[in-house]
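This report introduces selected features of one protein chain for a reader new to structural work. Please keep the sequence and the structure in view while reading.

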Amino acid sequence: MSRVAKPKHKLCRRLGACIWSMDKCPSVKKAYPPGMHGTNRTKMTSFGVLLMEKQHLKTYYWMGESQFANCFKAAKVSKGNTGDNLMSMLESRLDSVVYRSGLVSTIWQAKQLVSHGNIFVNGKKCDKGGCELKAGDKISINPALFQKEIYKSIVNEKSSVVPYLSVDYKKGEASLVSVPQRSDIPVNINAALIVEYFAK
């Protein structure tokens, strides 16, 4: 996704809910678009509902339009439910796994670490956030970077890690132990609406 210079949580207000589940997000108190006419939003059309759901998911993973469309195409030609395939593919991306592991605080920090070459996949440096990991793949943060002050707050183990990941916070490592299942992915989204959107 292209760089957004304005406050990112304005996107949350535009979409009517906090995308990244942050308590201090302005959308928690003001769940309507910014601006003097924000509270006067007219009733959304059926297509508008589909578009909003697609925008919500695309923004959550901070992807560009073409990136997201390509991921959907791959999910569509794969066996199984297209919506579930899409969610599994998005959650298996390298930047998503780094973010979901809890080794970083935000999706933007995850993407920055990957693009700067500070993430290793199975011992080899990988700077492509869209790299799709497979069950058994192991990621780790550059040891030199992991020892810096910014990472000392994540040494203690956390209990909120999703079941398809195994994380060692003391070593700055994580493993994708299984393919992410839709029921285990903590994203409040209706993937069926996105499938319908692309069918239009």
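## Terms and Model

Helices are DSSP runs of H or I with at least four residues, strands are DSSP runs of E with at least two, and both are numbered from the N terminus. The model discussed here is predicted.

## Backbone Angles in Two Loops

Helix α2 covers residues 46–60 and helix α3 covers residues 65–77; W62 is placed in the loop between them. Although W62 is not a glycine, its phi is positive, at about 55°. Most residues other than glycine have a negative phi. W62 has a relative accessibility of 7% and therefore counts as buried, the cut-off being under 20%.

A second case is N122, which is found in the loop between β1 (119–121) and β2 (124–125). N122 is likewise not a glycine, and its phi is positive at about 55°. Is N122 buried, partly exposed or exposed? With a relative accessible area of 44%, N122 is partly exposed, because partly exposed residues are those between the cut-offs of 20% and 50%.

## A Contact from Helix α2

Helix α2 also contains E53. This residue has a relative accessibility of 16%, so E53 counts as buried. Which residues does E53 contact, once its neighbours within four places in sequence are left aside? They are I189, N190, L193 and I194. For one of them, L193, the separation from E53 is 140 residues in sequence, while the C-alpha to C-alpha distance is 6.8 Å in space.

## An Enclosed Helix

Helix α5 spans residues 94–101, and eight of its eight residues are buried, which means that the helix is largely enclosed by the rest of the structure. The buried residues of α5 are L94, D95, S96, V97, V98, Y99, R100 and S101. Just after α5 comes G102, whose phi is positive at about 90°.

## Strand β5 and Its Partners

Strand β5 consists of residues 173–176 and has two faces. A174 and L176 belong to the covered face, whereas E173 and S175 belong to the uncovered one.

How many bridges join β5 to strand β3? Three bridges do so, and β3 (residues 138–141) runs antiparallel to β5. Within this pair, K138 stands opposite S175, a residue of the uncovered face of β5.

Strand β4 (residues 165–168) is also antiparallel to β5, and four bridges join the two. Here D168 stands opposite E173, which is likewise on the uncovered face of β5. Together, β4 and β5 form a hairpin with four residues between them. In the turn of this hairpin, G172 has a positive phi of about 70°.

## Two Cysteines without a Disulfide

How many disulfides does the structure hold? The number is zero. C126 is in no disulfide, and the nearest cysteine sulfur, that of C131, lies 4.2 Å away. C131 is in no disulfide either, and the nearest cysteine sulfur to C131 is that of C126, at 4.2 Å. A disulfide requires the two sulfur atoms to be within 2.5 Å, so this pair does not qualify.

The accessibility of each cysteine may also be noted. C126 is buried, because its relative accessible area of 14% is under 20%. C131 has a relative accessible area of 26% and is therefore partly exposed.

Key. Residues numbered from 1 in each chain as written. Predicted model: local features only at pLDDT ≥ 70, side-chain atom pairs only at ≥ 80, totals over all residues. Heavy atoms only, no water. Buried < 20%, exposed > 50% of the residue type's maximum accessible area, 1.4 Å probe, protein only. Pairing = 2+ DSSP bridges. Contact = heavy atoms within 4.5 Å.
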